[in-house]
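Here are a few exercises to work through with the model open. Try each task before you read its solution.

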Amino acid sequence: MSLPVIGTGRLELRPVASGDLDAITEQIGEFAVARMLSVVPHPYTLQDAQGWFEQSWVRQADGARNLAIDNGSGLIGVVSVGRPSETPNFGYWLGKAFWGRGYMSEAGRAALGWLFTATETQTVVSGALDENPASLKVLSKLGFENAGPYTLAIRSRGEDLPATRMKLARTAFLSAAGEAA
Ligand SMILES: CC(C)(COP(=O)(O)OP(=O)(O)OC[C@H]1O[C@@H](n2cnc3c(N)ncnc32)[C@H](O)[C@@H]1OP(=O)(O)O)[C@@H](O)C(=O)NCCC(=O)NCCS
């Protein structure tokens with residue numbers, strides 16, 4: 001299935017392109033971003049970004065569905081609705097300069113709206129460190145519910161840290177979206 005281009009009002013979601021890799025390296029290379037993400041190394045190099053990008057393309061059919069979040073000046077973050085599976089994983093980050101403006105809630109709502117209308121997905125899972133209230137707030141604004149504690153291994157810190165697993169049912173998302181419309 002090809003990935004969509006979605007306008008959200010302030011942002012455009014589109015497939016990540018090779019021309020985005022410098023912006024990804026610079027933004028995810030900030031420790032403030034990497035420290036909240038599980039598999040991202042720090043320092044982060046252009047080679048890391050290339051490896052990540054190539055892996056998404058090589059594995060096309062079952063690759064992670066990663067969308068660039070573009071504010072018109074270029075990539076400011078990435079939102080992923082995971083690999084096609086019974087319970088895909090929802091993940092995301094924004095460059096630090098773009099935090100605190102409601103962008104991730106806007107981008108996340110659009111990405112999940114696409115997932116639930118273009119596919120038969122019934123449940124999406126996600127999770128965030130307990131020390132990341134902004135991320136937990138984004139998930140709860142999108143309709144995710146607490147699915148219990150777990151431990152998240154954070155590569156950039158070499159630590160296993162307490163986190164909260166979150167779960168979103170298709171019906172909950174679609175009824176919340178209907179109410180908001
Ligand atoms: C988490 C992240 C994506 C949030 O993006 P964002 O665009 O700033 O998020 P939004 O503005 O849409 O929503 C954040 C919400 O959290 C709230 N918030 C922010 N900091 C908070 C804090 N310290 N305590 C409680 N709430 C907080 C905001 O007020 C906002 O809620 P509101 O809309 O009701 O006011 C961004 O900070 C980021 O990329 N962080 C680094 C990577 C990361 O953590 N990724 C997720 C891994 S699970």
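**Exercise 1.** How far is an oxygen atom of the ligand from an N or O atom in the side chain of W99?

*Solution.* Some ground rules: this is a predicted model, where local features need pLDDT of at least 70 and side-chain atom pairs count only at pLDDT 80 or more, while totals for chains, interfaces and linings use all residues. Residues are numbered from 1 along each chain as its sequence is written, and side-chain values use heavy atoms, leaving out hydrogens and water.

Start with W99: the separation is 3.4 Å, and a polar contact here is a pair of N or O atoms within 3.5 Å. Next, go to K137, where a polar side-chain atom sits 2.7 Å from a ligand oxygen. Then check the backbone: an N or O atom of L94 is 2.8 Å from an oxygen of the ligand.

**Exercise 2.** Work out which element gives the most to the shell around the ligand.

*Solution.* List the candidates: β5 (91-94), α4 (103-118), β6 (123-129) and α5 (133-141) each give two or more residues. Helices (H or I, at least four residues) and strands (E, at least two) are DSSP runs, numbered from the N terminus. The winner is α5, with six residues.

**Exercise 3.** Put the whole chain in context: how many helices and strands are there?

*Solution.* Count six helices and eight strands. Their order is β-β-α-α-α-β-β-β-α-β-α-β-β-α. Finally, the C-alpha trace spans about 40 × 35 × 30 Å along its principal axes.

Technical notes. A polar contact is a pair of N or O atoms within 3.5 Å; within protein, one must be able to donate a hydrogen and the other to accept it, and residues adjacent in sequence count only if both atoms are side-chain atoms.
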